[in-house]
Amino acid sequence: MYGPEFAADPATVYRRLREAGPTARVELAPGVRATLVTGYDAALHVLRSPETFSKDPRRWQDLADGTVPMDSPVVPMMMYRPNALFTDGEEHSRLRGAITDTLARVESSALRGCAERSADTLIDRFAPLGTADLLGEYAQVLPLLVFNHLFGCPAGHGVRLVEGMSGIFDGVDAEKANELLTTTLLDLVGLKRRRPASDMTSWLMEHPAALTDEEMIHTLAVLMGAGTEPQQNLIANSLRLLLSDDRFAGDLSGGTLPVEDALDEVLWTDPPIANYAVHYPRHDVVHEGTLLRAGDPLVVSLAAANTDPVLMDGQRTGNRAHLAWSAGPHTCPAQGPARLIAAVAVEKLLDRIPDIELMVPVEQLRWRPGPFHRALAALPVSFPPAATVGRSEAGRSGDGRPEDARQTRAEHVQAPTAAPTAGPKAEPLDPAPDRPRSGWARSVAWWRGE
């Protein structure tokens, strides 16, 4: 599940695995064995049975006995962290309570405004050029801007956080990426301990759950992990669908933007996190004739479960019974904000640049390898160049501060020491000579105001 063949056509792999039943043995990385849950009913059973299946990776037998080395590329995504994602019972309730209460303090109108300003700012940069990579120049950067604002991150912290998170998801130099993520979050926690503000980081600190610095670091890691890499994939995958599928693309010219329908379709068929929700049987379990051994990782394929033939009734529009947000006690607590940000991103782009087209046939788009995500390598588009219109200058930075604040922030931006490897990039774009080629270079250039 870690090679380019799987990335290019996971649906074929899922169909083959289903021949073994609702669970099948797979290899997540070289030497890393797991059981993939591909059946919808089986996935719900695992997700909703915490008394049988634990989320605590300290039960992972192959990691504990050294069969899987700590430098395996999937370990940073699966290792124990003291946060709500990797705990059970009362500890999970305490840590999740801090997250849900903090998310409840984020006003939807403020979040929408931040997402809209961020979208306008990014669109202003490429609208006059006539071409763009909607992944590197838009879907990848927009969540970074929004989350910098929500969490009160200095600009340089935000770039390093997303660089570290992307490296972990890709499994490329994952140990180094995990170290970058952890040290950057430690810096952020220290900053907010000294100077709390009206942001999610500070609200988490003041919550009655009394999170320690270690718990703060790993709670922020799970929040930012869910809000950056998966968010960019949801935006990019939805744009790909709208620009390529006649069921949706045919409506664009008529002025009807079926964004919510497109989001539902992507969450069903190409969820941004395709395989995760790792559980560990507390004891040996026999499920439909298959032995699931205690301490062996069970990876729930949200994508395979969503496309289980038993569900294929042809009606997905408005149907929210998919597992893209997981289910049970570990259901994603931020699905409302995540959906809002994605919808704003898609609506803004198609509103401002309605005559937008893919630069290559959809089947030639390439996907980043990795067992966990469903992530494009690039999304190249073309459109008639358009002069930018006067947007709210106070919002041009995407965080509510004046335009000239970009220069102040730029003084603190440090370019990433190495851009995360995101698999082979499509090469249909012919950027202008002064236009940085890589998505990360464009992100850093934007922060510098270049």
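Here are legends for a few close-up views of this predicted model. Residues are numbered from 1 along each chain as its sequence is written, and side-chain values use heavy atoms, leaving out hydrogens and water. Because the model is predicted, local features need pLDDT of at least 70 and side-chain atom pairs count only at pLDDT 80 or more, while totals for chains, interfaces and linings use all residues.

**View 1. An open sheet of 5 strands with mixed pairing.** The strand order is 1-2-8-5-3, with strand 1 (23-29) and strand 3 (53-54) at the edges, each pairing on one side only. Strands here are DSSP E runs of at least two residues, helices are H or I runs of at least four, both numbered from the N terminus, and two strands pair if DSSP finds at least two bridges between them. Look for strand 2 (residues 32-37), which runs antiparallel to strand 1 and is joined to it by 6 bridges; V26 sits opposite A34 of strand 2.

**View 2. Helix 2 (residues 10-18) packing on the sheet.** This helix touches strand 1, strand 2, strand 5 (275-281) and strand 8 (298-301), where contact means heavy atoms within 4.5 Å.

**View 3. Helix 3 (residues 40-47) packing on the sheet.** Strand 2, strand 3, strand 5 and strand 8 are the strands that helix 3 touches.

**View 4. Buried residues of helix 16 (residues 259-269).** Of its 11 residues, 8 are buried, meaning under 20% relative accessible area with a 1.4 Å probe, protein chains only. Among them are V259, L263 and W268.

**View 5. Helix 7 (residues 108-126).** Buried residues of helix 7 include L111, C114, D120 and F126.

Technical notes
Axes fitted to C-alpha atoms, helices over the stretch in contact; angles between N-to-C directions. Expected span 1.5 Å × (residues − 1). Buried < 20%, exposed > 50% of the residue type's maximum accessible area, 1.4 Å probe, protein only.
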